[in-house]
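Please examine the sequence and the three-dimensional structure shown here. The report below is intended to be read alongside them.

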Amino acid sequence: MLVVAVLKDDFLYVLTSRYSLYKINPEDGRVLWANRYWNESDNRVTLYEQTGVIFVGTHLIFGTPQGELKVVDANSGELIYTRPLMEKVSAFQDVSALVAGPEVLYASSYSAGIVAFGAELGLRLFKLPDEHGITQLLYQGGSLFAASARGFLISIDPITGKVLWKKKCLSGTPAPLLFQDGVLYAGSSSGPILLVEPKQGRILDRLNISGTFSGFGFFGDVLYTLTKHGFLAAYKGLKR
């Protein structure tokens, strides 16, 4: 996605592919502040498919295709600091996904693996440099899950970084991971949605989707899927 919108504490935050960030009053559309976090002379800036914005306290954090994490004050829009994902930033690093756990931020790079940071992006708690192609992360109930464009679904200990299980069961571009009623839902653009038992990675059921789908989500006990051709489908009574 080229634009990300997040609703937080009754305010709407919109981040564009060119690192412009807006804080908006959703009731009347009034822009409370707007800042741009790149320079015209910076030839590294590229049109970027945003991985999203996450909040840690009163800070907003987002990633760049240069392998950097930018931390912004949510009240003022001021850039507080920029932190490289890895100690040595390569030309092929990026930030492909971001999630927050208790006092920990998890970030992935398509080419450089997964990194866990402590509070305020200080100490790197662990890194998994060999897990390439990660495009989705999910922290849920004390567990960390990842999905890669290489077809792997992975469960990771969120404290030590130990890989608990790893299965090659996806095909195509991974969709965002979901967790509902104790079941992990994982899917990809050219494959079914998988219902997975999260402790051992056992596949409970497969939901075949007609067409190339781009995302899915729950409303109550109904699962909705959206295809890239604009078709919306609803499913109820899934096996769990």
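The following sections treat confidence, strand pairing, nonpolar cores, salt bridges and one serine residue in turn.

## Confidence of the model

The structure is a predicted model. The protein has an average pLDDT of 83, and 85% of its residues score at least 70. Confidence varies among the elements of the protein: strand E15 (residues 152-156) has the highest mean pLDDT, 96, and strand E21 (residues 213-219) has the lowest, 77.

## Strands E1, E2 and E3

Strands of a sheet pair through backbone hydrogen bonds, in either a parallel or an antiparallel manner. Strands E1 and E2 run antiparallel and are joined by 6 bridges. Within this pairing, Val4 has Leu15 in E2 as its bridge partner. The two strands form a hairpin with 2 residues between them, and Asp9 in the turn has a positive phi of about 50°.

Strand E2 also pairs with strand E3 (residues 20-24), in the antiparallel sense and over 4 bridges. Here Leu15 has Leu21 in E3 as its bridge partner. Strands E2 and E3 likewise form a hairpin, with 3 residues between them. In that turn, Tyr19 has a positive phi of about 65°.

## The sheet formed by E17 to E20

An open sheet of 4 strands follows the order E17-E18-E19-E20, and its pairing is antiparallel. Strand E17 (178-180) and strand E20 (203-207) are the edge strands, each pairing on one side only. On average, neighbouring strands of this sheet are turned by 25° against each other, direction ignored.

Strands E17 and E18 pair over 3 bridges in the antiparallel sense, and the bridge partner of Leu178 in E18 is Tyr185. A hairpin with 2 residues between the strands is formed by E17 and E18; Asp181 in its turn has a positive phi of about 55°. Strand E18 (residues 183-186) pairs with strand E19 (residues 193-196), again in the antiparallel sense and over 3 bridges. In this pairing, Tyr185 has Leu195 as its partner in E19, while Leu184 stands opposite Val196. The hairpin that joins E18 to E19 passes through 6 residues. As for the side chains of E18, Val183 and Tyr185 point one way, whereas Leu184 and Ala186 point the other way, and all are buried.

## Nonpolar cores

The largest nonpolar core has 15 residues. The residues with the most contacts inside this core are Leu21, Tyr37, Val53, Phe55, Leu60, Phe62 and Val72. Strand E1 (3-8), strand E2 (11-16) and strand E6 (59-63) each supply at least two residues of the core. Another core, of 14 residues, lies apart from it and includes Val99, Tyr106, Ala116 and Ile134.

Phe62 illustrates how such a residue is surrounded. Leaving aside neighbours within four places in sequence, Phe62 is in contact with several residues, among them Leu15, Tyr19, Tyr37, Val53, Val72 and Leu98. Its contacts also include Gly52, Glu68, Leu69 and Lys70.

## Salt bridges

How many salt bridges does a search of the whole structure find? The search finds 2. In one of them, Arg30 is joined to Asp28, and the closest N and O atoms are 3.6 Å apart. Arg30 is classed as partly exposed because its relative accessible area is 47%, between the limits of 20% and 50%.

The side chains of Glu131 and Lys166 also meet in a salt bridge, with an N to O distance of 3.1 Å. This pair links distant parts of the chain, as the two residues are 35 residues apart. Glu131 belongs to the loop between strand E12 (124-128) and strand E13 (134-140), while Lys166 belongs to strand E16 (residues 163-168). Glu131 has a relative accessible area of 11% and is therefore buried, since buried means under 20%. Lys166, at 40% relative accessibility, counts as partly exposed.

## The surroundings of Ser148

Ser148 lies in strand E14 (residues 143-148). Is Ser148 buried or exposed? Its relative accessible area is 2%, so Ser148 is buried. Apart from neighbours within four places in sequence, Ser148 is in contact with His132, Gly133, Ile134, Thr135 and Pro174. One of these contacts, Ile134, is also a member of the core of 14 residues.

Note on methods
Residues are numbered from 1 along each chain as its sequence is written. This is a predicted model: local features need pLDDT of at least 70, side-chain atom pairs count only at pLDDT 80 or more; totals for chains, interfaces and linings use all residues. Side-chain values use heavy atoms; hydrogens and water are left out. Buried means under 20% relative accessible area, exposed over 50%, partly exposed in between (1.4 Å probe, protein chains only). Contact means heavy atoms within 4.5 Å. Two strands pair if DSSP finds at least two bridges between them. Axes are lines fitted to C-alpha atoms, for helices over the stretch in contact, and angles run from 0 to 180 degrees between N-to-C directions. A salt bridge is a side-chain nitrogen of Lys or Arg within 4 Å of a carboxyl oxygen of Asp or Glu. A nonpolar core is a set of buried Ala, Val, Leu, Ile, Met, Phe, Trp, Tyr and Cys residues joined through side-chain atoms within 4.5 Å. pLDDT is the predictor's confidence in each residue, from 0 to 100.
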